[in-house]
Amino acid sequence: MSKVRNVPQDHFEEAYALAIYAFNVPDTTERKANFRTVFNHSNTFGVYQQNELKSQMLVLPLEVLFHGETMSMGGISYVSSYPETRGMGNIKKLFAASLDYMNREGMVLSYLDPFSYPFYRKFGYEVAFNTASYTIDTSYMPKTKNYPGQVTRVKWEQEKETITNIYLEKYHHSVGPLKRAEWMWQQKFSDSNKQKLAIYKDDNDEAKGYLSYHFGEKTSAEFIIDEMVYLTADAYTALWQFVASHQSTFKTVQYKTAENEYIMELFPRQTIKKEVNPFMMARIVNIESFLMRYPFKEKAQTTFYLQVKDRLADWNNGIWKVELRNTGRKVTKLAMETEIKEAAFLSASIQTWTQLFLGYRTIEELKFHEKLISSTACAAELAERIPQGDPQLYDYF
């Protein structure tokens with residue numbers, strides 16, 4: 001009989017062996033060090049058979065930036081099983097245990113990077129973020145205008161406080177990016193010899209943007225932008241001019257970023273290739289806690305009745321009365337359906353509510369495709385309460 005239990009820290013080697021076997025990747029010093037970092041900061045759940053670890057899932061306690069607030073989030077990582085145990089329901093057991101743990105720990109959201117979108121929909125997750133990948137021919141790099149200040153190549157240890165502050169200022173009011181923990185910054189920038197950093201400072205010597213990048217391993221002709229963060233138009237211009245200054249050495253620039261990033265306008269359309277792909281999935285872990293914290297736009301006081309369907313997190317199932325008042329709000333799970341006012345009733349799965357409240361889909365889109373059921377008037381009224389903002393995410397785990 002297989003059982004789910006916590007994988008202790010001293011079982012690292014067993015957990016690492018399972019991960020590299022399941023993902024069919026080489027055992028390298030760098031990969032082992034990265035896994036150890038994630039493992040050390042996770043609560044790891046495992047399915048054991050005869051005291052042997054057969055399946056596992058790591059849950060990272062993280063925080064995300066959300067319309068000017070911070071929300072707790074459980075990051076799912078290294079979902080893995082030995083092939084002979086697949087199809088035995090181990091992953092469902094792990095998700096049930098992990099969701100229960102995240103709920104008890106007060107995590108209101110959860111993210112994961114899927115190998116299969118349909119597979120993870122079974123556990124209440126849905127696509128919530130896209131990425132745009134750009135391939136730019138350096139012979140057509142734009143001739144940007146002159147800018148005040150300068151761009152300087154720096155080392156992480158010298159400027160880590162400056163870089164983290166720029167990131168937080170840029171994304172504080174965004175929807176969904178990680179509020180990176182110190183260990184995540186360290187893993188991202190300080191442990192890699194290939195990673196390079198540059199900072200833009202204006203005429204007042206104030207840092208207004210940074211760029212992280214590296215050179216291609218498969219071909220030395222690729223300049224790869226890992227992250228470009230800017231607070232002003234001058235910073236945007238300066239950082240792109242810094243990239244353009246490498247055009248005599250490289251044939252292409254590769255850049256993966258958020259779908260809505262201001263890029264295409266910088267280049268003639270025939271000289272840049274853009275490819276948009278779905279990225280990370282998300283789900284609401286606890287709908288009551290989420291609705292209590294969600295930044296609904298202020299309007300005249302009103303009440304909505306939200307039906308939630310969740311196959312794995314039973315505490316979310318039911319009809320939630322959401323009372324939005326000028327002096328606050330109240331969220332109550334109804335005991336009897338007779339209390340519902342049909343004119344204010346909306347029904348959807350946990351996946352649909354996640355996409356709506358994270359801004360990945362509009363209420364009009366979801367209603368048109370019958371993912372969300374409600375009257376037209378009620379949907380329009382709720383839509384007026386949803387703050388504007390595109391979901392953004394620049395990390396995976």
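How many nonpolar, polar and charged residues are found in the lining of the second largest pocket? In this predicted model, the lining divides by class into seven nonpolar, six polar and four charged residues. The pocket itself, second largest in the structure, holds about 330 Å³ of space. Its lining comprises 17 residues, and those nearest the centre are G359, Y360, R361, G389 and D390.

Aromatic contacts make a good next stop, with 43 aromatic pairs in the structure. One of them joins Y147 and Y200, whose ring centres lie 5.9 Å apart; the pair is edge-to-face because the ring planes stand at 70 degrees, and the cut-off for this class is over 60. Y147 belongs to the loop between β7 (130-137) and β8 (150-154), whereas Y200 is part of strand β10 (residues 196-201), so this contact ties together parts that are 53 residues apart in sequence. The two partners can also be described by their accessibility. Y200 is buried, with a relative accessible area of 0%, while Y147 is partly exposed, with a value of 23%.

Elsewhere, a cluster linked by ring pairs brings in F12, Y16, F23, F35, F39 and Y78. F12 has a charged neighbour as well: the charged end of R36 sits over the F12 ring, 3.9 Å from the ring centre. A further arginine is placed over an aromatic face at Y125, where R283 lies at 5.9 Å from the centre of the ring.

The strand that carries Y200 leads on to a run of hairpins. Strand β10 (residues 196-201) pairs with β11 in the antiparallel sense, over six bridges. Within this pairing, A207 of β11 stands opposite K201. Five residues lie between the two strands of the hairpin, and D205 adopts a positive phi near 60 degrees.

Strand β11 (residues 207-215) is mostly covered, with eight of its nine residues buried. On to the next partner: β11 runs antiparallel to strand β12 (residues 222-230), and seven bridges join them. F215 has F223 in β12 as its bridge partner, and six residues separate β11 from β12 in the hairpin that they form. Strand β11 thus takes part in two antiparallel pairings, with β10 over six bridges and with β12 over seven.

Terms used. Residues are numbered from 1 along each chain as its sequence is written. This is a predicted model: local features need pLDDT of at least 70, side-chain atom pairs count only at pLDDT 80 or more; totals for chains, interfaces and linings use all residues. Side-chain values use heavy atoms; hydrogens and water are left out. Rings of Phe, Tyr and Trp (its six-membered ring) pair if their centres lie within 6.5 Å; planes under 30 degrees apart count as stacked, over 60 as edge-to-face and the rest as tilted. Helices (H or I, at least four residues) and strands (E, at least two) are DSSP runs, numbered from the N terminus. Buried means under 20% relative accessible area, exposed over 50%, partly exposed in between (1.4 Å probe, protein chains only). A charge sits over a ring if NZ of Lys or CZ of Arg is within 6 Å of the ring centre and within 35 degrees of the ring normal. On a 1 Å grid over the protein atoms alone, a cavity is a set of points where a 1.4 Å probe fits but cannot get out, and a pocket is an open set with protein on both sides within 12 Å along at least five of seven lines; lining residues have an atom within 4 Å of a point. Grid points are joined across faces, edges and corners, and a volume is the space filled by probe spheres set on the points. Ala, Val, Leu, Ile, Met, Phe, Trp, Tyr, Cys and Pro count as nonpolar, Asp, Glu, Lys and Arg as charged, and the others, Gly among them, as polar. Two strands pair if DSSP finds at least two bridges between them.
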